[in-house]
Amino acid sequence: MSQEDTEARKRALLCVNALLQKKARDLTVLKVSEVSSFTDYFVICSGGSDRQVQALAEATRENMKKSGILPLGVEGEKIGKWILMDYADVIVHIFYEPIREFYNLEQLPDKFFNTK
């Protein structure tokens, strides 16, 4: 594993730890580096309400900031249905549960990248 891979993995784990502390539901980490040119990991989780989704995003932001890592961008924070946090080699997707079921990002590698 290269130094770059190790750093991306550490950043993904920082996100995971923050999300678990706030009781994220159905947390999944997808390593997409072999099928994606823009990121190495998708961290995907759900919250039971828009407020929990927003709290999960805030916890992630604070945990990453403590490590000196700021997001390149954040989308969807005000509405709290699907928040996307871009940390370059780690993309965090925090969904309100019904929205996650609709988009089903976990299926993307199989459907579009033929990874099986």
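# Chatting through a predicted fold

Guide: Let's start in the middle of this predicted model. Its largest nonpolar core has 20 residues, and those with the most contacts inside it are Leu19, Val43, Met85, Tyr87, Val90, Val92 and Ile94.

Visitor: Which helices and strands supply at least two residues of this core each?

Guide: H1, strand S2 (41-47), H2, S4 and S5 do. The largest share, five residues, comes from H1.

Visitor: Pick one core residue for me. What is Val92 in contact with, leaving aside its neighbours within four places in sequence?

Guide: Val92 is in contact with Cys15, Leu19, Val43, Ile83, Leu84, Met85 and Tyr87. Find Val92 in the viewer and look for those side chains around it.

Visitor: And which residues does the second, separate core include?

Guide: That second core has seven residues, including Phe42, Ile44, Ile91 and Leu105.

Visitor: OK, zooming out. How many helices and strands does the protein have?

Guide: Four helices and five strands. Reading from the N terminus, the elements run α-β-β-α-β-β-β-α-α.

Visitor: How do the five strands line up in the sheet?

Guide: They form an open sheet in the order S1-S2-S5-S4-S3, with mixed pairing. Strand S1 (25-31) and S3 stand at the edges with a single partner strand each, so one side of each has no neighbour in the sheet. On average, neighbouring strands are turned by 10 degrees against each other, ignoring direction.

Visitor: What holds strands together, in general?

Guide: Strands of a sheet pair through backbone hydrogen bonds, and the pairing can be parallel or antiparallel.

Visitor: So S3 and S4: parallel or antiparallel?

Guide: Antiparallel, over three bridges. If you want a landmark, Val74 stands opposite Met85 in S4. Met85 also turns up among the residues with the most contacts inside the largest core.

Visitor: Where does H2 pack?

Guide: H2 packs on the sheet and touches S1, S2, S3, S4 and S5. The direction of H2 makes about 160 degrees with that of S5.

Visitor: Switching to charges. How many salt bridges does a search of the whole structure find?

Guide: Five. The general idea is that side chains of opposite charge can pair when their charged atoms come close.

Visitor: Show me one. What does Lys10 meet in a salt bridge?

Guide: Lys10 meets Glu7, at 3.7 Å from N to O. The two are three residues apart in helix H1 (residues 3-21), which means about one helical turn separates them.

Visitor: Are those two buried or partly exposed?

Guide: Both are partly exposed: Lys10 has 47% relative accessibility, and Glu7 has a relative accessible area of 26%.

Visitor: What about Asp89, which residue does its side chain meet?

Guide: Asp89 meets Arg11 in a salt bridge, 2.5 Å from N to O. This pair links distant parts of the chain, 78 residues apart: Asp89 sits in the loop between strand S4 (82-86) and strand S5 (90-96), and Arg11 is in helix H1.

Visitor: Buried or exposed, those two?

Guide: Asp89 is buried, with a relative accessible area of 13%. Arg11 counts as buried too, at 19%.

Visitor: What does Arg61 pair with?

Guide: Arg61 forms a salt bridge with Glu77, and their closest N and O atoms are 2.5 Å apart. Arg61 is in helix H2 (residues 50-66), while Glu77 is in the loop between strand S3 (73-75) and S4, 16 residues apart. Salt bridges that share partners join Glu58, Arg61 and Glu77 into one network.

Visitor: Anything odd in the backbone? What is the phi of Lys23?

Guide: Lys23 has a positive phi of about 65 degrees although it is not a glycine. Lys23 lies in the loop between H1 and S1 and is exposed, with a relative accessible area of 62%.

Visitor: And Ala88, where is that?

Guide: Ala88 is in the loop between S4 and S5. Ala88 also has a positive phi of about 65 degrees without being a glycine, and it is partly exposed at 34%.

Visitor: Last one. What share of the 116 residues counts as buried?

Guide: 37% of them. The protein exposes about 7000 Å², and carbon and sulfur atoms supply 51% of that.

Technical notes:
Residues are numbered from 1 along each chain as its sequence is written. This is a predicted model: local features need pLDDT of at least 70, side-chain atom pairs count only at pLDDT 80 or more; totals for chains, interfaces and linings use all residues. Side-chain values use heavy atoms; hydrogens and water are left out. A salt bridge is a side-chain nitrogen of Lys or Arg within 4 Å of a carboxyl oxygen of Asp or Glu. Buried means under 20% relative accessible area, exposed over 50%, partly exposed in between (1.4 Å probe, protein chains only). Accessible areas come from the Shrake-Rupley method with a 1.4 Å probe; for residues, only the protein chains shown count as cover. A nonpolar core is a set of buried Ala, Val, Leu, Ile, Met, Phe, Trp, Tyr and Cys residues joined through side-chain atoms within 4.5 Å. Contact means heavy atoms within 4.5 Å. Two strands pair if DSSP finds at least two bridges between them. Axes are lines fitted to C-alpha atoms, for helices over the stretch in contact, and angles run from 0 to 180 degrees between N-to-C directions.
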